[in-house]
Amino acid sequence: MNNVIISVIYGLTIGLALSVDAFILSLIYGSTFKHKRESLITCFMVGLFHLLMPLLGYFLAFFVFTRINLASYLENKLQIIAFIILAVIGLMMLCKKDNDKIYNIRNYLNKCLFAFSVSVDSFLAGIAFTTINHIHISIVSLLFFTVSCIMTFLALSIGKKTAERLLKANLDYYAGIIMIILAIISLFI
């Protein structure tokens with residue numbers, strides 16, 4: 001029973017901490033959405049990635065990182081990976097055209113890239129959880145899913161409402177520029 005309580009505490013607190021980046025980027029990303037369905041699909045994808053990434057990190061830590069020293073190799077590459085993902089999302093937002101066909105392959109790819117970029121830290125958390133004896137990774141991952149879905153949906157809704165009410169403009173261009181600026185900043189953090 002204590003292991004379940006510890007897992008719930010870790011799942012909620014770390015889930016909230018890991019969802020902060022998803023929340024902040026979703027404020028920008030949500031300002032470009034035209035339909036509520038886009039928000040629902042995006043928050044589900046972010047939640048799904050937050051569910052799968054810690055599981056993947058947890059199990060890969062047992063099988064790969066203990067036998068091959070990939071951790072030191074990947075550590076230096078994470079900034080470049082973050083830059084590439086955010087820059088691609090920004091460029092896709094700059095090139096986004098207004099049309100009612102919002103569910104084509106490119107939009108799904110954009111949402112998957114977004115979800116992946118805000119859940120990479122969950123992968124690293126999964127690796128860290130291998131060092132904690134009293135963790136049920138399935139409980140923690142389910143809580144990551146729930147918390148990130150809720151946080152992302154709230155931020156997407158706030159971003160969409162802000163764009164609709166205050167600005168009344170198509171913010172794809174500006175959101176794309178902000179994403180590219182964040183990509184450049186990520187190189188130096």
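# A helical protein, helix by helix

Met 53 counts as buried because its relative accessible area is just 9%; buried means under 20%, exposed means over 50%, and partly exposed is anything in between, using a 1.4 Å probe and protein chains only. Keep in mind that this is a predicted model, where local features need pLDDT of at least 70, side-chain atom pairs need pLDDT 80 or more, and totals for chains, interfaces and linings use all residues. Residues are numbered from 1 along each chain as its sequence is written, and side-chain values use heavy atoms, leaving out hydrogens and water.

Let's start with the overall plan. The protein has eight helices and zero strands, so its element order reads α-α-α-α-α-α-α-α from the N terminus, where helices (H or I, at least four residues) and strands (E, at least two) are DSSP runs numbered from the N terminus. Of its 189 residues, 39% are buried. The accessible surface comes to about 10,500 Å², and 73% of that belongs to carbon and sulfur atoms; such areas come from the Shrake-Rupley method with a 1.4 Å probe, and for residues only the protein chains shown count as cover. A contact means heavy atoms within 4.5 Å. Among contacts between residues at least 6 apart in sequence, 90% join residues at least 24 apart.

Back to Met 53, which sits in helix α3 (residues 36–65). Skipping residues up to four places away in sequence, Met 53 touches Phe 116, Ser 119, Val 120, Ser 122 and Phe 123. Its C-alpha atom is 8.3 Å from that of Asp 121, although the two are 68 residues apart in sequence. Leu 56 is also in α3, and its C-alpha atom is 9.5 Å from that of Leu 124, 68 residues along the chain.

Here is how four residues compare with the cut-offs above.

| Residue | Helix | Relative accessible area | Class |
|---|---|---|---|
| Ser 141 | α7 (residues 137–167) | 0% | buried |
| Met 53 | α3 (residues 36–65) | 9% | buried |
| Ile 5 | α1 (residues 2–18) | 43% | partly exposed |
| Leu 56 | α3 | 43% | partly exposed |

Which residues does Ser 141 touch? Leaving out residues up to four places away in sequence, they are His 50, Leu 51, Pro 54 and Leu 55.

Now for α1. Its 17 residues should span 24 Å at 1.5 Å a residue, and the end C-alpha atoms are 23 Å apart, which agrees; the expected span is 1.5 Å times one less than the number of residues. Ser 7, Gly 11, Gly 15 and Leu 18 are the buried residues here. They lie on the same side of α1 because they cover an arc of only 65° around the axis, taken from the directions from the helix axis to the C-beta atoms. The face turned away from that buried side carries exposed Asn 2 and Ala 17. Ile 5 also helps make a nonpolar surface patch of about 530 Å², together with Met 1, Val 4, Val 8, Ile 9 and Leu 12. Patches take residues with over 30% relative accessible area and no salt bridge, joining like charges within 9 Å and nonpolar side chains (Val, Leu, Ile, Met, Phe, Trp, Tyr) within 5 Å.

Finally, the charges. Side chains of opposite charge can pair when their charged atoms come close. How many salt bridges does a search of the whole structure find? It turns up one, where a salt bridge is a side-chain nitrogen of Lys or Arg within 4 Å of a carboxyl oxygen of Asp or Glu. Lys 111 pairs with Glu 38, with the closest N and O atoms 3.6 Å apart. This links distant parts of the chain, as Lys 111 in helix α6 (residues 105–129) and Glu 38 in α3 are 73 residues apart. Both Lys 111 and Glu 38 are buried.
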